[in-house]
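User: Please take me through the reasoning behind the labels attached to this model. I should like each value set against its criterion.

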There are 2 protein chains.
Amino acid sequence: MTWPQGVRSAGVAAGIKPAGDLDLGLIVTEQPVEWAGTFTRNAAAAAPVLWCKGRIGSAVRAIVVNSGNANACTGAEGVLAVERATDAAAVQVGCSPTEVLVASTGPIGIPLPVERIESNLAHAFDSLVEDPEPFARSIITTDTHTKVVRAAAGDATVVGVAKGAAMLAPNMATMLAFIVTDAAPSEGTLQPALTDAVRVSFDRISVDACESTNDSVFLLATGKHAVVPDVLSRAVTTVCRELAEMMVRDAEGGSKFVRILVTGATDDHAAAALGKAVAASALWRAAVNGGDPNWGRVLSALGSHDRSLVLDNMTVAIGAETVFDKGQPIGSLDGARKAMDVDEFELSCVVGHGSGAAEVLSCDLSTDYVRLNADGST
Amino acid sequence: MTWPQGVRSAGVAAGIKPAGDLDLGLIVTEQPVEWAGTFTRNAAAAAPVLWCKGRIGSAVRAIVVNSGNANACTGAEGVLAVERATDAAAVQVGCSPTEVLVASTGPIGIPLPVERIESNLAHAFDSLVEDPEPFARSIITTDTHTKVVRAAAGDATVVGVAKGAAMLAPNMATMLAFIVTDAAPSEGTLQPALTDAVRVSFDRISVDACESTNDSVFLLATGKHAVVPDVLSRAVTTVCRELAEMMVRDAEGGSKFVRILVTGATDDHAAAALGKAVAASALWRAAVNGGDPNWGRVLSALGSHDRSLVLDNMTVAIGAETVFDKGQPIGSLDGARKAMDVDEFELSCVVGHGSGAAEVLSCDLSTDYVRLNADGST
């Protein structure tokens with residue numbers, strides 16, 4: 001796999017992570033390119049997120065990414081660190097610092113050792129290659145593998161690289177995705193394509209219901225190939241969905257992958273919110289971990305999220321086994337238990353008579369998750 | 001400890017729980033008495049909750065309580081089971097079934113073996129005593145001890161009995177509290193006294209952020225002693241607060257008790273909601289379990305709940321150690337770690353310049369919690 005033409009990336013070890021792992025990533029484009037972005041809405045958004053939001057609407061040449069430190073809740077020093085990192089990248093690339101985006105992931109509240117970024121950017125620049133793999137390695141934290149996806153969009157291609165979803169691991173607190181296309185989007189269509197894609201992909205996964213201070217998704221378009229807006233939009237959605245699913249499947253401590261399908265809601269947004277309420281239930285997630293078909297916890301999570309739901313209009317099925325139908329418990333718990341005794345299953349919830357539907361991807365709550373997140377250092 | 005005069009209770013084993021433990025409780029008053037109640041707002045509220053809500057405003061003589069089965073999401077059969085239980089109690093007490101309240105706690109979605117209640121109510125009636133202890137034992141699930149509290153209200157007393165908070169244990173899904181006073185409340189003051197008390201007590205605790213289908217708080221007033229409304233209200237609040245704190249301290253799997261104090265919010269309600277957002281964070285709770293002063297997870301939870309917060313107006317302290325002050329990380333992590341290395345500590349969060357404040361009682365997330373809730377049968 002390679003990036004679209006005109007884009008290269010690198011991943012090097014800058015000593016931000018303790019173990020000498022790759023922790024500094026760099027993406028560089030040949031020319032200034034149009035970009036779109038979606039970011040965490042957390043009020044505690046990190047300094048790099050605030051910097052990138054300020055760059056929306058202007059062309060970019062590079063993205064500097066570090067793992068091992070979130071540069072979040074780091075005050076004035078954190079803002080300065082972003083400026084120093086973008087200054088250093090601009091020198092290497094030969095562009096303005098305002099043409100450099102930046103993203104960070106790692107523990108919150110620790111000063112970013114930005115001098116390690118400054119002193120290693122020349123090495124990163126010298127290491128640029130068309131293969132996204134070294135970059136993909138440099139941004140992961142406790143992901144067990146890199147996440148790279150490609151989709152065609154007419155004559156153009158869309159390539160996306162991402163790291164783990166939600167707050168998966170000790171002090172690791174972010175999902176990051178970097179998507180590049182050589183499509184030439186029609187005016188005003190790039191940001192909507194990304195926003196729509198994120199809404200049905202990264203916004204529909206939940207590992208622990210914790211929203212990071214650093215979540216960022218970038219979409220760069222080099223503009224080589226004219227593409228029908230719908231075709232580009234579909235390809236971007238495909239890439240986002242595949243990356244999102246890879247994240248949940250690789251969730252730290254997760255042993256089961258659960259597709260929560262909610263139908264019959266007032267609209268798709270309400271359906272997604274209900275699915276996420278189930279995905280956030282510690283009790284349901286613990287039951288999934290143990291293979292216990294405790295569907296009462298599903299109804300309890302749904303009914304707590306939307307107090308206007310009516311049990312008589314609701315149906316729940318675990319795999320193919322319907323366990324609750326229009327207000328009445330039915331079916332076989334043994335059948336449901338068997339349906340859960342696999343690596344992956346679907347939980348389907350009919351919540352009413354509306355036309356809203358959504359699929360939310362989720363995982364179980366394991367003792368490993370607790371141990372991993374209890375033991376970190378800040 | 002005894003109930004106020006004119007009130008007796010019993011706890012017997014009816015075979016609803018598998019182990020032969022006490023599982024059927026009965027409270028009986030000499031005369032019909034005024035009562036107030038607060039109930040879960042879950043749309044999946046259990047049949048006994050719906051029954052009790054229908055009795056609001058009319059006097060009562062008895063409350064039948066079972067543990068070992070929630071009688072929730074049990075459809076038409078569950079409604080019938082409530083009717084049969086109240087009919088059976090009415091026969092024993094010599095009153096109308098509409099003068100009988102009912103509460104259940106246990107697994108959701110399993111038909112209630114109501115015939116075991118019917119066949120054991122005579123024994124329960126014969127066992128009535130002034131000591132609330134057998135009743136208190138009959139309503140607990142995996143609570144490690146009974147919870148009985150008493151407060152004076154002028155010439156009257158207020159006695160409360162409760163069982164475990166939130167969804168603490170395998171398939172156990174409820175907090176129940178039964179409070180009795182011999183005060184004679186002024187007209188229209190009993191329900192407000194309870195509602196106000198619940199808002200600053202049971203509404204300000206969180207074990208796992210899961211709202212049960214069965215949560216119920218009852219306040220009965222036998223009307224023997226005239227009491228100033230404020231005095232009664234304060235005594236009821238004291239009893240509710242003490243019971244609530246006992247619940248969190250006895251949270252299943254919990255090893256640390258954390259007082260989350262939020263100040264500077266726009267109002268007390270907003271402060272409580274922010275405190276509960278922190279209490280609900282799986283990541284912060286896991287960090288508490290490990291004694292890791294990961295205050296970034298606190299800011300992330302606050303900022304995710306209220307996106308209008310401004311870091312520069314926020315301060316976080318763990319015990320006496322301020323770790324974040326008006327936008328800047330400060331203080332000693334070792335000091336914070338030491339402050340957490342105890343059974344109980346305070347997390348204080350200044351979130352702005354408002355006058356709203358609230359204390360939320362919470363606990364950690366442990367591997368025991370996951371194991372206990374993974375292993376149950378539905």
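User: What makes residues of α2(A) count as buried, and which residues are they?

Analyst: In this predicted model, a residue is called buried when its relative accessible area is under 20%. The residues of α2(A) that meet this criterion are A:G78, A:A81, A:V82, A:A85, A:T86, A:A88, A:A89, A:A90 and A:V93. An α-helix has 3.6 residues a turn, so residues three or four places apart point the same way.

User: Against what do the buried residues of α2(A) pack?

Analyst: Their partners in chain A are the strands β2 (24–39), β3 (60–67) and β4 (100–105), together with the helices α1 (47–55) and α3 (114–126). The criterion for such a contact is heavy atoms within 4.5 Å.

User: How do you know that the length of α2 in chain A agrees with expectation?

Analyst: Helix α2 covers residues 75–93, and at 1.5 Å a residue its 19 residues should span 27 Å. The end C-alpha atoms are 28 Å apart, and therefore the two values agree. Just after α2(A), A:G94 adopts a positive phi of about 80°.

User: How does the radius of gyration of chain A bear on whether the chain is a compact globule?

Analyst: A compact globule of 378 residues would have a radius of gyration near 21 Å. Chain A has 21 Å, so its value agrees with that expectation. The C-alpha trace spans about 70 × 50 × 35 Å along its principal axes, and 62% of the residues of chain A count as buried. Of the contacts in chain A with a separation of 6 or more, 78% are between residues 24 or more positions apart.

User: Why is A:R41 called exposed, and what does A:R41 touch?

Analyst: The relative accessible area of A:R41 is 54%. Exposed means over 50%, so A:R41 qualifies. This residue lies in the loop between β2 and α1 of chain A. Residues up to four places away in sequence being set aside, A:R41 touches A:E211 in chain A, and B:G303 and B:R307 in chain B.

User: Why is B:S362 called buried, and where is B:S362 placed?

Analyst: B:S362 has a relative accessible area of 2%; the limit for buried is under 20%, so the label applies. B:S362 belongs to strand β15 (residues 356–363) of chain B. Beyond neighbours within four places in sequence, the contacts of B:S362 include B:S206, B:V248, B:F257 and B:A279.

User: B:A279 is also listed among the buried residues of α7(B). What supports the length of helix α7, and what does α7 pack against?

Analyst: Helix α7 (residues 268–280) of chain B has 13 residues, which should span 18 Å at 1.5 Å a residue; the end C-alpha atoms are 18 Å apart, so the values agree. Besides B:A279, the buried residues include B:L274 and B:V278. The buried residues of α7(B) pack against elements including β10 (257–265), α8 (282–290) and β15 of chain B.

User: What makes the phi angles of B:N71 and B:K326 noteworthy, and is each residue buried or exposed?

Analyst: Neither residue is a glycine, yet phi is positive, at about 45° for B:N71 and near 50° for B:K326. B:N71, in the loop between β3 and α2 of chain B, has a relative accessible area of 1% and is therefore buried. B:K326, in the loop between β12 and β13 of chain B, has 52% relative accessibility and so counts as exposed.

Notes. Residues are numbered from 1 along each chain as its sequence is written. Chains are lettered from A and ligands numbered from 1 in the order in which they are written. This is a predicted model: local features need pLDDT of at least 70, side-chain atom pairs count only at pLDDT 80 or more; totals for chains, interfaces and linings use all residues. Side-chain values use heavy atoms; hydrogens and water are left out. The radius of gyration is taken over C-alpha atoms; the globule rule is 2.2 Å times the number of residues to the power 0.38. Buried means under 20% relative accessible area, exposed over 50%, partly exposed in between (1.4 Å probe, protein chains only). Helices (H or I, at least four residues) and strands (E, at least two) are DSSP runs, numbered from the N terminus. The expected span of a helix is 1.5 Å times one less than its number of residues.
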